Amino acid sequence: MSTTTTPRVLGPIDIAGTSAVPFSTLIKVELRKSWDTRAGLWLLVLTGAFTMIAMVIALAVATTQDVPMTLGSFIATTAYTSAFLLPVLGILLVTSEWSQRTAMVTFTLEPNRARVILAKLVAGLALAGSVAAVALMAAVLSNLLFGLIEGVSPSWEFGADRLGGFLLAQAFAMLTGFALATLLLNTAAAIVTYFAYIFLLPAVFAIAAVFLDWFDSLRPWIDFNFAQAPLFDATMTGKDWGYLAVSGLIWLVLPVTLGIWRVLRAEVK
Amino acid sequence: MITLENVTMRYGGFTAVDNVSFTARPGRVTGFLGPNGAGKSTSMRIVVGLTVPQQGRATIGGHAYEQIPNPAHHVGVLLDASAQHAGRTGREVLRLSAMTMGLGRGRVEEMLELVGLSGVEAKRRVRNYSLGMRQRLGIANALLGDPSVLILDEPVNGLDPAGIHWMRGLLRSHAARGGTVLLSSHLLHEVEMIADDMVLIGRGKIVAQGTREELLHTAGTYVKPLDPAQLTAALEAAGISALPSGDGGFRSEAEPVDVGRAAAAGGVALVELRRAEGAGLEEMFLQLTADDAREPAIPTGASS
C-alpha cells in the first residue's frame, strides 16, 4: 500500500499526445488470451496432441494392413482431426469475453469494438495456421516413418493446389466456429450448434437429398460441408467454387455479419 | 471533467436513467450516491460507451469516450471488480491491460505493489480472490495508465476498514493532483467521508446535487436536555415544534439560538445544543431507500 509513483500534476485530457492502440497490439493481446488460462492452454495442447495421435493411428493401420500411403493421404487424415477442435478455439476467443464478462474491460481499453472483433478473427486465423503447420509436420514425419517401416521410398505425392485446399479448409473450420460464436455469444450454445452443424446436418442433408428430388439439386448450394469436400482432394471445378461461395455465404458470411452487428450494438454488462 | 447531459436510458417500459445531468469536476472527488438499482451503474456504463443511451450524451474532457485514443491512458475505469476471467492470475489480468496500453511489465509490478497485492497473491488465479482482493486488482487495472480521470463503481465494496482508509487516501490524493474522480456508492456515510461534491440519484432521477457543505448544511437543531419533559414544555411555550430523535434528544427546524432562548426561558439544563448537520440529506436518502422498500417493515415491539 505504498505510493511508488512519482506524482504528476494531472491536467485536462489532451488527446493530441496519444495515438490509438496499434492493430498489431490488439492481435498480440488476443493471441495471448488464447493460452493464458488453463482451459485455453489445454485446448491448444489437446488440438496438437490429437493431430499427433491421429497420425500414429493412421500409421499403425497403414503398416499393419499394408495400405499404400502418400503424403496426401496423411494430410487428409490430419485435416479431419484438426478441423474438429480448431473451431472450439475460435468459439472460445469470442464467447469467453461474454461468459467471463471481461468484455467490459476489453471494450473500455479499446472502445472500437469492430477492431477488437477483427483482431480476434486474425488471431484465430493465426492459430489455425499454426495448427495446420503442426499437422503438416506430423504428416511429413509419418510419411517418412511409413517409408522406413515398409522399406519403400515414401511417396511425396501432394500438389500445391491440395496444400491450398487444406489450408483453406482449416481456415473455414475456424471461421465457422467464430461466426457461430459472435452470433450466439455463449460458449455452450456455440459449441453444441457447431457440432450439430458438423455431425447432424450432413446426415439430415444426405437423407433429405435421397428422399426429395428437388432438395438433391439444391443441396450443393446450401451444404457447406459438402461444398468443402472437393477442397480436400483438390478436385475443385468452377461449379464447385460456385457451391462453396454460395454455401459459405449462408454459413460464414451471414452469421458473422449478424454476429458483429450484434456485438457492436449490444450493451456490455 | 465528466459531463452528463440529459441522459435517458429505458429498458422497455422501465426507465433506468431519467434525464440525468451532472458534472464531475477536476481536482474534486464526486460521490454518486443512491440505493441499489437507482441507475448509478447504468449511468457510469453510459459514460464509458458500454451502454448507448436513447437520449442525451456523456463526455469526458469534452470528448465522447470512444473518441479518446488509447483511452486507458486518460480514463481509469473500474465498473465491476468481478468482471475478470476467473482462470487468469491477478498479474496476468494486469499484464493484458498493460500490453494493450503499450506499457511494460515494470508498470504492472508497480501497480501490484501500490494496491498491496503480494507476489504470492498476484500468482493466484482470480477465482480464488476475495471481493476485497478483486477490488484492489480492479483499482490497479484502472490506475495502470496513470489516467487523470477515474470512474469507479462501488470501489470500497468488500474492502476491510484498513482498505477503505487506504482507498480514501488514494482518491483524495488523486484529486489533490488535479485529477477527476467519480465514484459511486449506496452508502451515504462512505460518500460523506470521501466526496467533495455529491450527486444523489433515486429511481433514475437526480434528486439532489451540490458540494458536501451545501448538502450537509441544513437548517435545523439538535438539542439534548437533562429532563426531556421539561424541555418539551419549554419549547411548547415558545411555540417551537420538535420531535424526539430517540436518544433522549430532539430535532427541530428552528435555529439553535431560538431553541437555546426557549430552554433558558424555561430554565432547562441542556446537555447538547448544536446545528443538526446532514439531517436533511440523511432523511432524503432514507426516503429514497424506503420508497423501494425491499425489506419488510420492522415490526414495533409489542410488549405485554
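**Reading a two-chain model: strands, helices and contacts**

Biologist: How many bridges join strand S1 (residues 2-11) of chain B to S2(B)?

Modeller: Seven would be the word; as a numeral, 7 bridges join them, and the two strands run antiparallel. Strands of a sheet pair through backbone hydrogen bonds, either parallel or antiparallel. Two strands count as paired if DSSP finds at least two bridges between them. Strands (E, at least two residues) and helices (H or I, at least four) are DSSP runs, numbered from the N terminus. In this pair, B:Ile2 stands opposite B:Ala24 in S2(B).

Biologist: Before we go on, what kind of model is this?

Modeller: This is a predicted model, where local features need pLDDT of at least 70, side-chain atom pairs count only at pLDDT 80 or more, and totals for chains, interfaces and linings use all residues. Residues are numbered from 1 along each chain as its sequence is written, while chains are lettered from A and ligands numbered from 1 in the order in which they are written.

Biologist: What is the strand order of the open sheet in chain B?

Modeller: The order is S2-S1-S4, 3 strands with antiparallel pairing. Strands S2 (14-24) and S4 (55-60) of chain B are the edges, each pairing on one side only. From one strand to the next, the twist averages 20°. Helix H1 (residues 40-47) of chain B packs on this sheet and touches S1, S2 and S4 of chain B; the direction of H1 makes about 120° with that of S1(B). Touching here means contact: C-beta atoms, placed from the backbone, lie within 7 Å.

Biologist: How do helices H5 and H10 of chain A cross?

Modeller: Axes are lines fitted to C-alpha atoms, for helices over the stretch in contact, and angles run from 0 to 180 degrees between N-to-C directions. The axes of H5 (residues 113-150) and H10 (residues 238-265) of chain A come within 9 Å and cross at roughly 135°. Angles under 35 degrees count as roughly parallel, over 145 as roughly antiparallel, 65 to 115 as roughly perpendicular and the rest as oblique; H5(A) and H10(A) are therefore oblique to each other. A:Arg113, A:Ala114 and A:Ile117 of H5(A) meet A:Ile260, A:Val263 and A:Leu264 of H10(A).

Biologist: How many residues of chain B are in contact with chain A?

Modeller: There are 44, in contact with 40 residues of chain A. On the chain B side, H2(B) gives the largest share, 6 residues.

Definitions and conventions:
Contact = placed C-beta atoms within 7 Å.
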